[in-house]
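Biologist: Before I rely on the words used for this fold, I would like to hear what stands behind each of them. Could we go through them one at a time?

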Amino acid sequence: MDLKVHLCVYKMMQEIPQPKNASEALSIQQAMRGRVQVTHDDFDKIERIAGIDVGYDPVRNVSKAALVLLDIENLKPIVSITAEDPTPFPYIPGLLSFREAPVIIRALEQLKEIPDILFIDGQGIAHPRRLGVAAHMGVLTGLPSIGIAKSLLCGNYKEPGPLKGSKSTLTHKGEIIGTVLRSKEKCKPLFISPGHRITLDTAVDLVERCLTRYRLPEPTRLADKLSKIDKTLL
């Protein structure tokens, strides 16, 4: 199935929810959180990873989604895509999905093939209502997804050891919601959490598989880089 058709099917089943205010956004999050699945791995194979990041131009009030599709075997980019839209929702911590989801969908629609998984710069279930942008996008698209965040949104953890690969558990209200991973020595850790159709252990394993010499795994590192420039990487 063509990716655009695939996404249109989901949008026909439910329109991308776009709230008018914070109260509506909270209600949508509470309704969507019950559809998130992180208890088991629900996929056959992972070959193509779509790394996604979103940047903002406050002067023009525009959001820019950057997407880089990679081959997991060699971590080489296959295609890079950007999309821009007027920013549809104000900046409110915990509700960033409503700023980012519409423009991410626009970028995904430009792909010629369906990625096996989404690596998204942001939170998965490591979110007060267990619906960060990676979980949100997983539910919207039906695709497996992982949140790779550069900072803590909620929860408690012990600082992981100084060596690359050191980990600690992220908890919130007695629930394990993620892993704090030292992805590079002498760098701040990353906050990894499953988004949809994947377990925490598998999410961390895949992120570690995509690490090179940088702090960020290649899919989101390249997307982050692309979100800051005005041209594609390819």
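Modeller: What follows takes a few descriptive terms in turn and sets each against its cut-off, bearing in mind that this is a predicted model.

Biologist: What makes Gly132 count as buried?

Modeller: The relative accessible area of Gly132 is 2%, and buried means under 20%, so Gly132 is called buried. This glycine sits in the loop between β4 and α4, and, leaving aside neighbours within four places in sequence, Gly132 is in contact with Ser97, Gln123, Gly124 and His127. Its C-alpha atom is separated by 9.9 Å from that of Ile120, 12 residues apart along the chain.

Biologist: Why is α3 called oblique to α4?

Modeller: The axes of the two helices, α3 and α4, come within 10 Å and cross at roughly 50°. Angles under 35 degrees count as roughly parallel and those from 65 to 115 as roughly perpendicular, so the crossing angle, which belongs to neither range, makes α3 oblique to α4. The crossing of α3 and α4 is also right-handed.

Biologist: Which residues bring α3 and α4 together, and how many of each class are there in that contact?

Modeller: From α3, Ser97, Phe98, Glu100, Ala101, Ile104, Ile105 and Leu108 meet Val133, His136, Met137, Leu140 and Thr141 of α4. Sorted by class, this contact has 8 nonpolar, 3 polar and 1 charged residues.

Biologist: What makes a group of residues a nonpolar core, and which members of the largest one touch the most others?

Modeller: The residues have to be buried, of nonpolar kinds such as Leu, Ile and Met, and joined through side-chain atoms within 4.5 Å. The largest such core has 33 residues, of which Ile52, Leu67, Ile104, Leu108, Leu118, Ile120 and Met137 touch the most other members. Among the elements that give two or more residues to this core are β1 (48-57), α3 (97-108) and α4 (133-141), and α3 gives the most, with 7 residues.

Biologist: What is Ile52 in contact with, beyond its neighbours within four places in sequence?

Modeller: Its contacts include Ala66, Leu67, Ile104, Leu108, Leu118 and Ile120, and also Thr220 and Ala223. Apart from this core lies another, of 25 residues, among them Ile198, Leu200, Val207 and Cys210.

Biologist: Which residues of α5 are buried, and what do they pack against?

Modeller: In α5 (residues 200-209), the buried residues are Leu200, Thr202, Ala203, Val204, Leu206 and Val207. They pack against β4, β5 (145-149), β6 (167-172), β7 (175-181) and β8 (190-196).

Technical notes: Residues numbered from 1 in each chain as written. Predicted model: local features only at pLDDT ≥ 70, side-chain atom pairs only at ≥ 80, totals over all residues. Heavy atoms only, no water. Buried < 20%, exposed > 50% of the residue type's maximum accessible area, 1.4 Å probe, protein only. Helix = DSSP H or I, 4+ residues; strand = E, 2+ residues; numbered from the N terminus. Contact = heavy atoms within 4.5 Å. Axes fitted to C-alpha atoms, helices over the stretch in contact; angles between N-to-C directions. Parallel < 35°, antiparallel > 145°, perpendicular 65-115°, else oblique. Left-handed = near helix turned anticlockwise from the far one by under 90°. Nonpolar A, V, L, I, M, F, W, Y, C, P; charged D, E, K, R; others polar.
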